[in-house]
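Hi everyone, and thanks for coming along. I have one structure to walk you through today, so let me put it up on the screen.

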Amino acid sequence: MDEIWGMDSESGWETVTVHIGRLRKRFEGWPEFEIVSVRGLGYKAVKHV
């Protein structure tokens, strides 16, 4: 979060959750792309070939 919004940002984990949800919804029709949760780390984009 600090790398994207900066150290002075007051955004919390809820902000990230909302953005990830929006991205997942935008790309739900793309079978070759997926955003997955990585427990203890965050999220990652996966490209299916």
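Let's begin with Glu 34, whose bridge partner in S2 is Val 46. Right beside that, Ile 35 has Ala 45 as its bridge partner in S2. These residues belong to a pair of strands, S1 covering residues 33–38 and S2 covering residues 42–47, and the two run antiparallel with six bridges between them. Before I go further, please keep in mind that what you see is a predicted model.

How many residues lie between the strands of this hairpin? There are three, and one residue to look for here is Gly 40, which takes a positive phi near 85°.

Now let me step back to the whole chain. The secondary structure consists of two helices and two strands. If you start at the N terminus and follow the elements along, the order is α-α-β-β. The C-alpha trace spans about 40 × 20 × 15 Å along its principal axes.

How much of the chain is buried? Of the 49 residues, 6% are buried. The accessible surface is about 4600 Å², and carbon and sulfur atoms account for 54% of that. As for contacts, take those between residues at least 6 apart in sequence: 5% of them join residues at least 24 apart.

One residue that is buried is Val 16, so let's visit it: its relative accessible area is 18%, and the cut-off for buried is under 20%. You will find Val 16 in helix H2, which runs over residues 13–26. Which residues does Val 16 touch, if we leave out those up to four places away in sequence? They are Met 1, Trp 5 and Tyr 43. Tyr 43 is a nice one to trace on the screen, as Val 16 and Tyr 43 are 27 residues apart in sequence, while their C-alpha atoms are 9.7 Å apart in space.

Next, the aromatic rings. The count of aromatic pairs is two. Phe 27 and Trp 30 make an edge-to-face pair, with ring centres 4.9 Å apart and 85° between the planes. Phe 27 also pairs with Phe 33, where the centres are 4.8 Å apart and the planes meet at 65°; this pair is edge-to-face too, because the angle is over 60 degrees. Taken together, ring pairs link Phe 27, Trp 30 and Phe 33 into a cluster.

Are these rings buried or exposed? Somewhere in between, as it turns out. Phe 27 has a relative accessible area of 22%, so it is partly exposed. Phe 33 is partly exposed as well, at 26%. Trp 30, at 44%, also counts as partly exposed, because exposed would need over 50%.

Last, a word on charge. The chain carries 7 positive and 8 negative side chains. How far apart are the centres of the two sets? They lie 10 Å apart.

That's my tour, and I'm happy to turn the model around for anyone who wants another look.

How values were computed: Residues numbered from 1 in each chain as written. Predicted model: local features only at pLDDT ≥ 70, side-chain atom pairs only at ≥ 80, totals over all residues. Heavy atoms only, no water. Helix = DSSP H or I, 4+ residues; strand = E, 2+ residues; numbered from the N terminus. Buried < 20%, exposed > 50% of the residue type's maximum accessible area, 1.4 Å probe, protein only. Contact = heavy atoms within 4.5 Å. Areas by Shrake-Rupley, 256 points an atom, 1.4 Å probe, with all protein chains shown as cover. Lys, Arg positive; Asp, Glu negative; His and termini not counted. Charge placed at Lys NZ, Arg CZ, Asp CG, Glu CD. Phe/Tyr/Trp six-rings, centres within 6.5 Å; stacked < 30°, edge-to-face > 60°. Pairing = 2+ DSSP bridges.
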